[in-house]
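Here are a few short exercises to work through with the model open beside you. Try each task before reading its solution.

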Amino acid sequence: MNGIVTKSTGSWYSVRTEDGEVHQCRIPGKFRMKGIKSTNPIAVGDVVTFELEPKKETGVVKEIHERRNFIVRKSVNLSKQTHIIASNIDIAFLIVTLHNPETTTTFIDRFLATAEAYSIKTILLFNKVDTHDEEMDEYREAFKYIYTSIGYECIDVSATEKININLVKVLMKDKVSLFAGHSGVGKSTLVNALEPTLDLKTKAISEQHQQGQHTTTFAEMYPLSFGGYIIDTPGIRGFGVVDFDKYQVTDYFPELFALKSDCKFNNCLHLNEPKCAVKEALEEGKISETRYESYLQLLSEDEEHYRQDVFK
Ligand code: GDP
Ligand code: ZN
């Protein structure tokens with residue numbers, strides 16, 4: 001039988017089949033891990049083949065199907081072991097608010113670059129639009145233009161006034177979705193508006209985490225009544241850290257990636273190199289300054305990683 005892992009406690013995995021049955025499964029002692037080495041062999045979102053144990057409701061996982069993508073968290077201790085938080089994510093919804101709290105372009109761009117690195121499609125939801133006056137509406141449109149012009153879908157929503165909630169539901173139908181954003185942007189309120197029965201569960205989890213139990217990074221996946229799943233990843237505002245290689249950062253900024261073959265040098269970092277197509281586009285106003293600044297910031301972080309690695 002095949003199913004999707006919706007919860008993991010470390011030794012038992014909840015596996016949900018297509019007809020909605022949930023079986024508690026374990027993995028055999030000698031289980032071959034496919035792909036990357038991680039502290040957890042199976043993650044929430046994994047599609048697995050399992051067999052029911054004779055005369056029991058419980059099952060044994062036989063195989064993990066290849067992951068389309070996954071997000072990881074690296075442990076901060078010296079071993080730097082990788083923990084897979086969740087896999088097979090179809091859409092990441094990044095909830096953005098322009099004020100209360102303010103979501104900066106730096107935060108958005110870092111999230112988008114990381115999502116690109118993980119091959120996860122991101123849609124930006126601009127929440128709390130009910131609080132915006134005419135001036136804020138204009139500001140928001142300018143803000144959204146930065147992202148729509150480079151291919152990211154942006155949607156105005158209001159979780160409390162239920163603006164465009166159905167539109168988001170249509171996008172989530174039959175997909176595995178993840179919600180991210182700063183604390184206070186309205187994630188819980190939005191999830192509640194999308195699927196009222198989920199509210200309690202997600203609240204309970206985030207409260208647990210506010211009590212400082214940050215050691216558990218288990219995600220959980222909830223089926224949606226209208227089809228699809230929502231992944232709740234406690235404690236993460238964005239994704240785990242990606243170790244960007246500085247020559248790869250360009251690839252995670254679609255508008256820079258599109259220009260990179262026009263730069264004179266194929267290893268151009270778009271700093272001060274001659275005949276750089278990115279710098280030219282920037283001067284002509286074809287690339288957003290805030291996006292370029294975010295690019296520079298990720299690049300400098302890579303330098304730090306690089307220096308640390310070299311001098312350790
Ligand atoms: P979370 O930390 O991202 O889960 O944010 P919450 O869902 O707890 O929301 C934080 C605050 O923002 C709460 O007081 C919500 O009532 C409020 N809020 C959420 N969405 C909206 C919205 O669309 N409009 C307005 N005016 N307030 C909202
Ligand atoms: Zn260049």
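**Exercise 1.** Why does the arrangement of the four donor atoms around the zinc ion (ligand 2) count as tetrahedral or not?

*Solution.* A word on the model to begin with: it is predicted, local features need pLDDT of at least 70, side-chain atom pairs count only at pLDDT 80 or more, and totals for chains, interfaces and linings use all residues. Residues are numbered from 1 along each chain as its sequence is written, chains are lettered from A and ligands numbered from 1 in the order in which they are written, and side-chain values use heavy atoms, leaving out hydrogens and water.

Step 1: list the donors (N, O and S atoms within 2.8 Å of the metal, or 3.2 Å for Na, K and Ca; water is not among the atoms, so sites may look incomplete). The protein supplies C263 (SG), C268 (SG), H270 (ND1) and C276 (SG), at 2.1 to 2.4 Å from the zinc ion.

Step 2: check the angles. They run from 104 to 115 degrees, so the arrangement is tetrahedral, a label that requires all angles of four donors to lie between 85 and 135 degrees.

Step 3: read the spacing along the chain, which is C-x4-C-x1-H-x5-C.

**Exercise 2.** Is C268 buried or exposed?

*Solution.* Buried means under 20% relative accessible area, exposed over 50%, and partly exposed in between (1.4 Å probe, protein chains only). C268 has 8%, so C268 is buried. C263 is buried too.

**Exercise 3.** Which atoms of K128 and G184 lie 3.0 Å and 2.7 Å from an oxygen atom of ligand 1?

*Solution.* For K128 it is a polar side-chain atom. For G184 it is a backbone N or O atom.

Terms used
Tetrahedral: all angles 85-135°; square planar, octahedral: opposite > 155°, others 65-115°. Polar contact = N/O pair within 3.5 Å; in protein donor to acceptor, adjacent residues only side chain to side chain.
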